[in-house]
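This report introduces a protein model to a reader who has not met it before. Please look over the sequence and the structure before reading on.

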Amino acid sequence: MMWLVLVCASFFELAFTVCMKLSDGLKNVKFTILTIISVACSIGLLSIATKTLPLGVAYAVWTGLGTVFNVIFGIVVFKESRDVKKLVFMGMVLAGVVGLRIAG
């Protein structure tokens with residue numbers, strides 16, 4: 001159950017980084033407010049997950065999944081580079097997250 005909470009926290013990490021980008025340097029009030037709400041949800045869910053999951057594993061998975069989600073979102077929505085090196089290293093991050101889940 002806590003792994004699901006951690007995945008949800010990672011999705012809120014995606015939300016806050018996207019909202020932060022769309023806030024135009026925190027000038028757009030709507031996206032600035034959404035950034036703050038998303039940050040609070042993400043960290044709140046991470047806090048809940050760390051009640052039972054090891055801190056280092058939870059933090060690594062949270063940031064790792066958040067990174068993967070952001071790269072994929074950037075490629076699909078913002079038409080960012082699909083460079084092979086970027087995808088290979090993203091796969092390595094994902095492999096590390098899976099490895100931590102298996103080991104943790």
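What share of the contacts in the protein chain with a separation of 6 or more is accounted for by residues 24 or more positions apart? In this predicted model, such residues make up 68% of those contacts.

## Overall architecture

The secondary structure of the protein chain consists of 4 helices and 0 strands. Followed along the sequence, the pattern is therefore α-α-α-α, where helices are DSSP runs numbered from the N terminus. The C-alpha trace spans about 40 × 35 × 15 Å along its principal axes.

The protein chain has 104 residues, of which 32% count as buried. Its accessible surface amounts to about 6300 Å², and carbon and sulfur atoms contribute 75% of that area.

## Helix α1 and its surroundings

Helix α1 covers residues 2-22, a run of 21 residues. From its first C-alpha to its last it reaches 30 Å, close to the 30 Å expected at 1.5 Å a residue. Just after α1, D24 adopts a positive phi of about 55°.

The buried residues of α1 are W3, V5, L6, A9, S10, E13, L14, F16, V18 and C19. The cover over these buried residues includes α2, α3 (55-76) and α4 (84-103).

## The nonpolar core

The largest nonpolar core of the model contains 16 residues, and those with the most contacts inside it are W3, L6, L53 and V61. Helices α1, α2 and α3 each supply at least two residues of this core.

W3, one of the buried residues of α1, can be followed further. Leaving aside residues up to four places away in sequence, W3 touches L53, V57, V61, L100 and R101. Two of the core residues named above, L53 and V61, are thus among the contacts of W3.

## A nonpolar patch on the surface

Nonpolar side chains also appear on the outside of the model: V29, I33, L34 and I37 make a surface patch of about 340 Å². V29 lies in helix α2, which comprises residues 29-49.

Is V29 buried or exposed? Its relative accessibility is 56%, and because exposed means over 50%, V29 counts as exposed.

## Summary

The model is an arrangement of 4 helices with a largest nonpolar core of 16 residues. On the surface, a nonpolar patch is made by V29, I33, L34 and I37.

How values were computed. Residues numbered from 1 in each chain as written. Predicted model: local features only at pLDDT ≥ 70, side-chain atom pairs only at ≥ 80, totals over all residues. Heavy atoms only, no water. Patch = residues over 30% accessible without salt bridge, like charges linked within 9 Å, V, L, I, M, F, W, Y side chains within 5 Å. Areas by Shrake-Rupley, 256 points an atom, 1.4 Å probe, with all protein chains shown as cover. Salt bridge = Lys/Arg side-chain N within 4 Å of Asp/Glu carboxyl O. Buried < 20%, exposed > 50% of the residue type's maximum accessible area, 1.4 Å probe, protein only. Expected span 1.5 Å × (residues − 1). Contact = heavy atoms within 4.5 Å. Core = buried A, V, L, I, M, F, W, Y, C linked by side-chain atoms within 4.5 Å.
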